[in-house]
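Trainee: Could you take me through one part of this model in some detail? I would like to hear about the nonpolar patch on the surface, and about what lies around it.

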Amino acid sequence: MNKSKRLKSKRSFRRRLPPIQSGNRINYRNMSLISRFISEQGKILSRRVNRLTLKQQRFITIAIKQARILSLLPFLNNEKQFEKSELVARTTGLRIRKK
């Protein structure tokens with residue numbers, strides 16, 4: 001009954017600009033473009049996060065994989081992993097058991 005009379009929200013919607021402009025070439029050598037679609041850990045971000053079309057996401061994925069194979073990009077960004085291991089090593093040395 002009430003379902004048919006639901007009102008649409010009247011929020012103003014501002015359309016976002018596409019992340020890849022028409023002049024940008026999706027290529028493994030275009031590091032400034034590729035680096036926008038990789039997380040801090042070195043993972044490829046999903047299509048929803050990037051707001052890309054399916055075709056653009058495929059090209060970005062292929063370009064990132066080519067750049068990794070040619071050693072232009074690391075496969076993993078291990079800086080965070082090293083920071084965590086150092087913190088664990090420091091804190092475990094400080095713990096003293098009292099009997």
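Mentor: Happy to. A patch here is made of residues with over 30% relative accessible area and no salt bridge, and nonpolar side chains are joined into one within 5 Å. Please keep in mind that this is a predicted model. With that in hand, the nonpolar surface patch consists of Ile69, Leu70, Leu72, Phe75 and Leu76, which together have about 550 Å² of accessible area.

Let's start with Leu76. This residue sits in the loop that runs between α3 (54-69) and α4 (79-94). Its relative accessible area is 55%, and because exposed means over 50%, Leu76 counts as exposed.

Two other members of the patch, Leu70 and Leu72, lead us to Tyr28. Leaving aside residues up to four places away in sequence, Tyr28 touches Ile34, Ala63, Gln66, Ala67, Leu70 and Leu72. Tyr28 belongs to the segment before α1, and its relative accessibility of 25% makes it partly exposed. Tyr28 and Leu72 are 44 residues apart in sequence, yet their C-alpha atoms are 8.4 Å apart in space.

The contacts of Tyr28 also include Ile34, Ala63 and Ala67, and these names come back in the largest nonpolar core. That core has 11 residues: Ile20, Leu33, Ile34, Phe37, Ile38, Leu52, Ile60, Ala63, Ile64, Ala67 and Leu73. The elements giving two or more residues to the core are α1 (31-34) and α3, and α3 provides the largest share, with 4 residues. For a view from within the core, take Ile64: beyond four places in sequence, Ile64 touches Ile34, Phe37, Ile38, Ile44 and Leu73.

Ile44 gives us a link to Gln57, a residue of helix α3. Gln57 is in contact with Ile44, Leu45, Ser46, Arg47, Asn50 and Leu52, again not counting residues up to four places away in sequence. Buried means under 20% relative accessible area, so Gln57, at 11%, counts as buried.

Finally, let's set all this against the chain as a whole. The chain has 4 helices and 0 strands, and from the N terminus its elements run α-α-α-α. Of its 99 residues, 17% count as buried. The chain exposes about 9,600 Å², and carbon and sulfur atoms supply 54% of that area. As for contacts with a separation of 6 or more, 50% of them are between residues 24 or more positions apart; the pair Tyr28 and Leu72, in contact and 44 residues apart, is one example to look for in the structure.

Methods
Residues numbered from 1 in each chain as written. Predicted model: local features only at pLDDT ≥ 70, side-chain atom pairs only at ≥ 80, totals over all residues. Heavy atoms only, no water. Patch = residues over 30% accessible without salt bridge, like charges linked within 9 Å, V, L, I, M, F, W, Y side chains within 5 Å. Areas by Shrake-Rupley, 256 points an atom, 1.4 Å probe, with all protein chains shown as cover. Salt bridge = Lys/Arg side-chain N within 4 Å of Asp/Glu carboxyl O. Buried < 20%, exposed > 50% of the residue type's maximum accessible area, 1.4 Å probe, protein only. Contact = heavy atoms within 4.5 Å. Core = buried A, V, L, I, M, F, W, Y, C linked by side-chain atoms within 4.5 Å.
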